[in-house]
Amino acid sequence: MTDSITKSSASSLPPQNRFQRALYYKDLITFLFFFSCILVLNHAGGHVVAGAVGIGAFLGVLGRRIPNPRSWPSVIWACLAFVIYFAVSNLWSPDRDLELYLNVVKFAVGAPISALLIWVMTHQPRKLKTLWRIWLGYGVLLSAIVFSFDILSGFALTKSIDPSALPQNIDANISHGISVLLVIIWPALLMVFHDRKTTARLREATMVAAGILIAFAIFRFSNFASIIVIIAASLAALCAVKWPKTIINALFAVLTLSLIFAPWLGFAASKFTETQKAGLPFSWEWRIETWGFIWEEILENPFLGHGFGALRGYDETFSSRGFESLSIIPTHAHNAGLHLWVEGGGLGILITVIALWFIRRAVITADWLTPQRSIAIAGGLAAIIVYASLSYSVWQDWWIGTIALFAAMIPLIPVRKAQ
């Protein structure tokens, strides 16, 4: 993001002519609908985020003039290089299932379109920025409260809407929905904190209720990754109050090093004995099996990797605790570094690290980086790092959409300081 993006002369002016008024109402209807979908339907598993962010960004761009590519900053080209390399790596992937190509298209086309939401939000008129600040800020916190009551009530809300819902599906949907919330809640908190349209008591009550309830509910839900996220993100946000740029630099360094040295995680996993694995919780035993297997695959092609979607092409199995023929790759690696290494190899990791360096530099040197926005970035980035290390596939479209939504919410945090 550059100064030229954030200093759009039209963004702070009311609609002046028929075209500007049409653009204004187009954005009003578009994002009122798609943001509402995210806040309401996220409870069903978070997957709506991908479509809402992608289609919303596409419609949001309509009517706006995209800057000439020659004026694009280096960070955009670095991120495009990342997308292009991994999309092209599909050519040597062993997975030839037709669904794979849909995934490649969703990544190669969907990721750049989703990222456009950030640009669109920086160009919103001031009046709409204020509306989205209230709509998303309070909406996210209200969504967190609803999630909390559903968990604490034994999923009474979910069962009342879908009485036939299976317990494992409920757990998966709630887990994914919580992941979305714990990434985007940080800019939402800062939006509400700086809202001057409501009373201070209402702001404080909403923030405190959402924070306490979601933390208590997640500990009750016993979602290990989300518990770590709450702790790590809270510490990062608190530290960013005093050392904003230092914490952001540190988080990017942690993410970069976790990707570079991820193979050592696989190497360590490969050394676990059967007795040691049997002493772990089942989900962690499965991760150890997966990571150890990926270590061996990385060694086979350490430079170029096995190509985009390669993890979906393995059919190796293992047996454990009375279960036979368990897939050794449960859809994805549950670790971003190992995922990128096995599919993109060392070259893919190098391109990824370069893209991260440009992103970090663009954030740290930007004029729009205020202390308030730094706190939101630190909290959300810490959450993303933890989930990327323990839970989700790098290519899941709803996860890419969540990251894009988080980044797009940062410009909505006002520059002015709290009074």
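Two groups are in contact here when heavy atoms lie within 4.5 Å of each other. Keep that in mind for the views below, which show a predicted model.

**View 1. Helix α9 and its neighbours.** The buried residues of α9 pack against three helices: α6 (126–152), α8 (167–193) and α10 (224–242). Those buried residues are Arg203, Thr206, Ala210, Leu213, Ile214, Ala217, Ile218 and Phe221. Looking down the axis of α9, we find them within an arc of 130°, so they line one face of the helix.

**View 2. The other side of α9, and its length.** Turned away from the buried side is a face with the exposed residues Arg201, Ile212 and Arg220. Helix α9 runs over residues 200–221, and its 22 residues should span 32 Å at 1.5 Å a residue. The C-alpha atoms at its ends are 31 Å apart, which agrees with that expectation.

**View 3. Just past the end of α9.** Here we meet Ser222, the residue that follows the helix. The phi of Ser222 is positive, near 60°.

**View 4. Inside the second largest pocket.** This pocket holds about 840 Å³ of space. It is lined by 24 residues, and Ser175, Asn223, Ser283, Arg287 and His334 are the closest to its centre.

**View 5. What the pocket lining is made of.** Helices α8, α10, α14 (282–300) and α16 (371–390) each contribute at least two residues to the lining of the second largest pocket. Sorted by class, that lining has eleven nonpolar residues, eleven polar ones and two charged ones. Two of these helices may look familiar: α8 and α10 also pack against the buried residues of α9.

Key: Residues are numbered from 1 along each chain as its sequence is written. This is a predicted model: local features need pLDDT of at least 70, side-chain atom pairs count only at pLDDT 80 or more; totals for chains, interfaces and linings use all residues. Side-chain values use heavy atoms; hydrogens and water are left out. Helices (H or I, at least four residues) and strands (E, at least two) are DSSP runs, numbered from the N terminus. The expected span of a helix is 1.5 Å times one less than its number of residues. Buried means under 20% relative accessible area, exposed over 50%, partly exposed in between (1.4 Å probe, protein chains only). The arc is that of the directions from the helix axis to the C-beta atoms. On a 1 Å grid over the protein atoms alone, a cavity is a set of points where a 1.4 Å probe fits but cannot get out, and a pocket is an open set with protein on both sides within 12 Å along at least five of seven lines; lining residues have an atom within 4 Å of a point. Grid points are joined across faces, edges and corners, and a volume is the space filled by probe spheres set on the points. Ala, Val, Leu, Ile, Met, Phe, Trp, Tyr, Cys and Pro count as nonpolar, Asp, Glu, Lys and Arg as charged, and the others, Gly among them, as polar.
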